[in-house]
Amino acid sequence: MALAHRLTDRDRAIISDLGRLRVLTLEQVARAHFTSRSSARDRLDTLRELGVVDRFRPSTRAAYRYVLAWTGLRFHQAAVEEERLSKPEFYREGSDKPRAAPSRPAAEALIGRLIANPMRAHLESVNDFYTRLAAASRPDPTVELVRWHSEAEATALMGEQMLRPDGAFDVEVHAEFWRCWFEHDTGTEPLTTLTAKARTYRATLSHRATTLSHFGDKADPQCLVIELTRPGREANLHPAIVHLTDRLVIVTCTVERSTHPLGAVWWVVGDPAGQFRRFAEIPTEPPGLLK
């Protein structure tokens, strides 16, 4: 692709994020990949001129949303297929031949469906947490964000049809690897639905850990991270799920508190109300596994 020589490593990272996460605002791109909004805006303008990205606004007062344009989608598809075909055949999904790149009409249709998608606001909120976490971890010496997984990627990692995480992220905390499963709760569903989801996480992850132990392996530390939009709902959730912490670490935070997600903003389920820990202080083992 003739475009390749004009793209920097950072451009490729932006394309990967937009390909996997579907939509990002200028602020979110700046957090994840730049040190200033002006630098992000200048580079996004260049990528628009190259036909890599496009943008839209839900309303005249709303911030622009950036998405991959047809050229960007083709470049992203090529990168995904190159990575897929480089895997050993046993781990490779699908055909041994590269999948076809999307046509221009198909790319335009994808953007149209995204604009009209009633779940777009929820997707943007999930992506907002990711970019805040990316920005906070970049200068932090104790926490490294190894990878953020989109909803589709997290669902594939979970391998459980009853669970569709909003995302997942791999981190190294004091050089120890662990995986966090992310849920963004807007309060539109009954609290019992969120409680049932947490119960399914506990059952699935504890079963996975038990299975690995039978083969002499140890599962990486796992954590369920729940970000809520309503403080009152957070307070009601804790007593409803505290019994699940015998086998699973669960932490919560409100959107208002999580402006800096590595700070002392996390309420570990089982801790007293008002006792917040820094992200690096979250325990990696639930009480039931420490006995």
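This report describes the sheets, helices, nonpolar cores and cysteines of a predicted model.

## The six-stranded sheet

An open sheet of six strands, paired in a mixed sense, follows the order E4-E5-E6-E7-E8-E9. The edges are formed by strand E4 (143-149) and strand E9 (267-268), each of which has a single partner strand, so one side of each is left without a neighbour in the sheet. Helix H6, made up of residues 120-137, packs on this sheet and touches E4, strand E5 (167-173), strand E6 (176-185) and strand E7 (222-228), and the direction of H6 makes about 155 degrees with that of E4. A further helix, H8 (residues 191-214), lies across E6 and E7 and runs at about 160 degrees to E6.

Two kinds of pairing can be followed at strand E8. Strands E7 and E8 pair in the parallel sense over six bridges, whereas E8 (residues 249-254) and E9 run antiparallel and are joined by two bridges. Within the latter pairing, Thr-252 has Trp-267 of E9 as its bridge partner.

## Strand E8 and its neighbour Leu-228

Six of the six residues of E8 are buried, so this strand is largely enclosed by the rest of the structure. In a regular strand the side chains alternate between the two faces of the sheet. In E8, Val-249, Val-251 and Cys-253 point one way, while Ile-250, Thr-252 and Thr-254 point the other way, and all are buried.

Leu-228 belongs to strand E7 and stands opposite Thr-254 in E8. This leucine is buried, with a relative accessible area of 0%. Leaving aside neighbours within four places in sequence, Leu-228 is in contact with Asp-185, Leu-194, Arg-233, Glu-234, Leu-237, Thr-252, Cys-253, Thr-254 and Val-255. One of these partners, Thr-252, is 24 residues from Leu-228 in sequence, yet the two C-alpha atoms are 7.3 Å apart in space.

## Helix H9

The buried residues of helix H9 (residues 231-241) are Arg-233, Glu-234, Leu-237, His-238 and Ile-241. Seen down the helix axis, these buried residues of H9 fall within an arc of 140 degrees, so they line one face of the helix. The face turned away from this buried side carries the exposed residues Asn-236 and Pro-239.

The buried residues of H9 pack against E6, H8, E7, E8 and E9. Arg-233, Glu-234 and Leu-237, which are among these buried residues, are also among the contacts of Leu-228.

## The nonpolar cores

In soluble globular proteins, nonpolar side chains tend to be buried together. Here the largest nonpolar core has 49 residues, of which Trp-148, Phe-169, Trp-266 and Phe-279 touch the most other members. Helix H6 gives the most to this core, with six residues. Apart from it lies another core, of 18 residues, including Ala-154, Ala-198, Ile-226 and Leu-244.

The surroundings of Trp-148 can be listed in full. Not counting residues up to four places away in sequence, Trp-148 touches Arg-20, Leu-21, Val-126, Phe-129, Tyr-130, Leu-133, Glu-153, Gly-167, Ala-168, Phe-169 and Phe-182.

## Cysteines

A disulfide is a covalent bond between the sulfur atoms of two cysteines. With a cut-off of 2.5 Å between cysteine sulfur atoms, the count in this model comes to zero disulfides. Cys-180 is in no disulfide, and the nearest cysteine sulfur, that of Cys-223, is 4.6 Å away. Seen from the other side, the closest cysteine sulfur to that of Cys-223 is in Cys-180, and the 4.6 Å between them is too far for a bond. Cys-180 is buried, with a relative accessible area of 0%, and Cys-223 is likewise buried, with a value of 1%.

## The three-stranded sheet

Another open sheet, of three strands with antiparallel pairing, has the order E1-E3-E2. Strand E1 (24-25) and strand E2 (53-56) stand at its edges with a single partner strand each, so one side of each is left without a neighbour in the sheet.

Strand E2 and strand E3 (residues 65-68) pair in the antiparallel sense over four bridges, and Val-53 has Leu-68 of E3 as its bridge partner. Helix H3 (residues 37-49) packs on this sheet, where it touches E2 and E3, and the direction of H3 makes about 110 degrees with that of E2.

Technical notes: Residues are numbered from 1 along each chain as its sequence is written. This is a predicted model: local features need pLDDT of at least 70, side-chain atom pairs count only at pLDDT 80 or more; totals for chains, interfaces and linings use all residues. Side-chain values use heavy atoms; hydrogens and water are left out. Two strands pair if DSSP finds at least two bridges between them. Contact means heavy atoms within 4.5 Å. Axes are lines fitted to C-alpha atoms, for helices over the stretch in contact, and angles run from 0 to 180 degrees between N-to-C directions. A nonpolar core is a set of buried Ala, Val, Leu, Ile, Met, Phe, Trp, Tyr and Cys residues joined through side-chain atoms within 4.5 Å. Buried means under 20% relative accessible area, exposed over 50%, partly exposed in between (1.4 Å probe, protein chains only). The arc is that of the directions from the helix axis to the C-beta atoms.
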